[in-house]
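Colleague: Thanks for sitting down with me over this one. Could you bring up the model, so that we can go through it together?

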Amino acid sequence: MTEIVGSHDLLLVTLDTLRYDVAQELAAAGRIPHLARHLPGGRWERRHAPGSFTYASHQAIFAGFLPTPASPGRHPRLFAARFAGSETTAPRTWVFDAPDLVSGLAAVGYRTVCIGGVGFFNRQAALGSVLPGLFQEAHWEPEFGVASPTSFEAQVCRAEEVVAGLPAEQRLFLFVNVSALHQPNWFHLPGATREAGDSRATHAAALEYVDRHIGRLFAAAAGRRPCFAIVCSDHGTTYGDDGYTGHRLGHEAVWTVPYAQFTIEAAR
């Protein structure tokens, strides 16, 4: 990251609430081709979330604590705030002198932009203003939220507008919180009903919906120079697993998340 920061634009996409098992099954079955073509080896990496719900996980992510590889050992981090005694800050870690990654990138000349999705980014109350308040520019509309069947399309349109409005020399850190996987997601599966509610199948259909449009987001993010992208879930969720429904709880389906990092070459 010491070579990437400053030379590349940066894209962080959190597929809010996406389960690892569902993500991996769809990749293996060829049901998310646009995402899979960027996944190293066509597979998601299995990681552990830093929190069991959106607010906690994003506070950690924005402090440099991305989901941790799900294997024993000290795993060097891509980004880290400077503090004495850090055991996961390595020579290639990009170290920032700020309380959060967003401010650290702004301090070295990046334009920091948030395109929010779930309620913790809607700025409709004090709590929903904390995370977007880290950014120089934050966007949220009802069309981006969990109740919109076309939320991701609307978010991608805004991302395209943001990139188009930047000077060519301006470095960009673009963050997109994708709300489509979060409940309610029943409307992404043909034939599903509000009365029947959400399920693992509607969750999968929501990921397929995101995949149909994410190529446009990647193209926009790499429209001016190479872009280093991180695409991951912030936490999973349960659909009756062992009697549990939802998240903000200590279940394997909540703590295990898909993760990928890759470079998108600049458009020619």
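Colleague: Which residue in S9 is the bridge partner of Asp9?

Modeller: Keep in mind as we go that this is a predicted model. Strand S1 (residues 9–15) and strand S9 (residues 227–232) run parallel and are joined by six bridges. Within that pairing, the partner of Asp9 in S9 is Cys227.

Colleague: And which residue in S8 does Leu12 stand opposite?

Modeller: S1 also pairs with strand S8 (residues 171–178), again in the parallel sense and over six bridges. Opposite Leu12, on the S8 side, stands Phe175.

Colleague: How many of the residues of S1 are buried?

Modeller: Let's take the two directions in turn. Asp9, Leu11, Val13 and Leu15 point one way and are buried, while Leu10, Leu12 and Thr14 point the other way and are buried too. That leaves S1 mostly covered, and the count of buried residues is seven of seven.

Colleague: Now the whole sheet, please. Which strands stand at its edges?

Modeller: Happy to. The open sheet has eight strands with mixed pairing, in the order S3-S2-S12-S9-S1-S8-S6-S7. A strand with a single partner has one side left without a neighbour in the sheet, so the edges belong to S3 and strand S7 (137–139).

Colleague: Staying at one of those edges, which residue in S3 is the bridge partner of His48?

Modeller: S2 and S3 run antiparallel and are joined by two bridges. In S3, His48 has as its bridge partner Thr68.

Colleague: Let's move to H1. What do its buried residues pack against?

Modeller: The buried residues in H1 are Tyr20, Val22, Ala23, Gln24, Leu26 and Ala27. Just after the helix, Gly30 takes a positive phi of about 75°. As for the packing, the buried residues of H1 lie against strand S2 (45–48), H7 and S12.

Colleague: How far apart in sequence are Glu208 and Arg31?

Modeller: Their side chains meet in a salt bridge, at 3.1 Å from N to O. Glu208 is in helix H7 (residues 200–221), and Arg31 is in the loop between helix H1 (20–28) and helix H2 (33–36), so the pair links distant parts of the chain, separated by 177 residues.

Colleague: Are those two partners buried, partly exposed or exposed?

Modeller: Glu208 has 21% relative accessibility, and Arg31 has a relative accessible area of 37%. Buried would need a value under 20% and exposed one over 50%. Therefore Glu208 and Arg31 both count as partly exposed.

Colleague: What about Arg47 and Glu45: which of the two is buried?

Modeller: The side chains of this pair also meet in a salt bridge, with 3.1 Å from N to O. Glu45 is partly exposed, with a relative accessible area of 32%. At 10% relative accessibility, the buried partner is Arg47.

Colleague: Then there is Glu87 with Arg74. How many residues apart in sequence are the parts that this pair ties together?

Modeller: The salt bridge between these side chains spans 3.5 Å, N to O. Glu87 lies in the loop between strand S4 (79–81) and strand S5 (94–96), and Arg74 in the loop between S3 and S4, so the parts tied together are separated in sequence by 13 residues.

Colleague: Are Glu87 and Arg74 buried or exposed?

Modeller: The cut-off for exposed is over 50% relative accessible area. Glu87 has 53% and Arg74 has 60%, so Glu87 and Arg74 are both exposed.

Colleague: Back to S4 for a moment. Which residues does Ala81 touch, leaving out those up to four places away in sequence?

Modeller: Ala81 lies in strand S4 and is buried, with a relative accessible area of 16%. Its C-alpha is 7.4 Å from that of Leu101, a residue 20 places away in sequence. The residues that Ala81 touches are Ala63, Val95, Phe96 and Ala98.

Colleague: One last topic, the largest pocket. Which residues of its lining lie nearest the centre?

Modeller: The space in the largest pocket comes to about 240 Å³. Its lining divides into seven nonpolar, five polar and two charged residues, and strand S3 (68–69) and strand S12 (256–264) each supply at least two residues. Of the 14 lining residues, those nearest the centre are Pro67, Pro69, His75, Pro76 and Arg77.

Definitions and conventions
Residues are numbered from 1 along each chain as its sequence is written. This is a predicted model: local features need pLDDT of at least 70, side-chain atom pairs count only at pLDDT 80 or more; totals for chains, interfaces and linings use all residues. Side-chain values use heavy atoms; hydrogens and water are left out. On a 1 Å grid over the protein atoms alone, a cavity is a set of points where a 1.4 Å probe fits but cannot get out, and a pocket is an open set with protein on both sides within 12 Å along at least five of seven lines; lining residues have an atom within 4 Å of a point. Grid points are joined across faces, edges and corners, and a volume is the space filled by probe spheres set on the points. Helices (H or I, at least four residues) and strands (E, at least two) are DSSP runs, numbered from the N terminus. Ala, Val, Leu, Ile, Met, Phe, Trp, Tyr, Cys and Pro count as nonpolar, Asp, Glu, Lys and Arg as charged, and the others, Gly among them, as polar. A salt bridge is a side-chain nitrogen of Lys or Arg within 4 Å of a carboxyl oxygen of Asp or Glu. Buried means under 20% relative accessible area, exposed over 50%, partly exposed in between (1.4 Å probe, protein chains only). Contact means heavy atoms within 4.5 Å. Two strands pair if DSSP finds at least two bridges between them.
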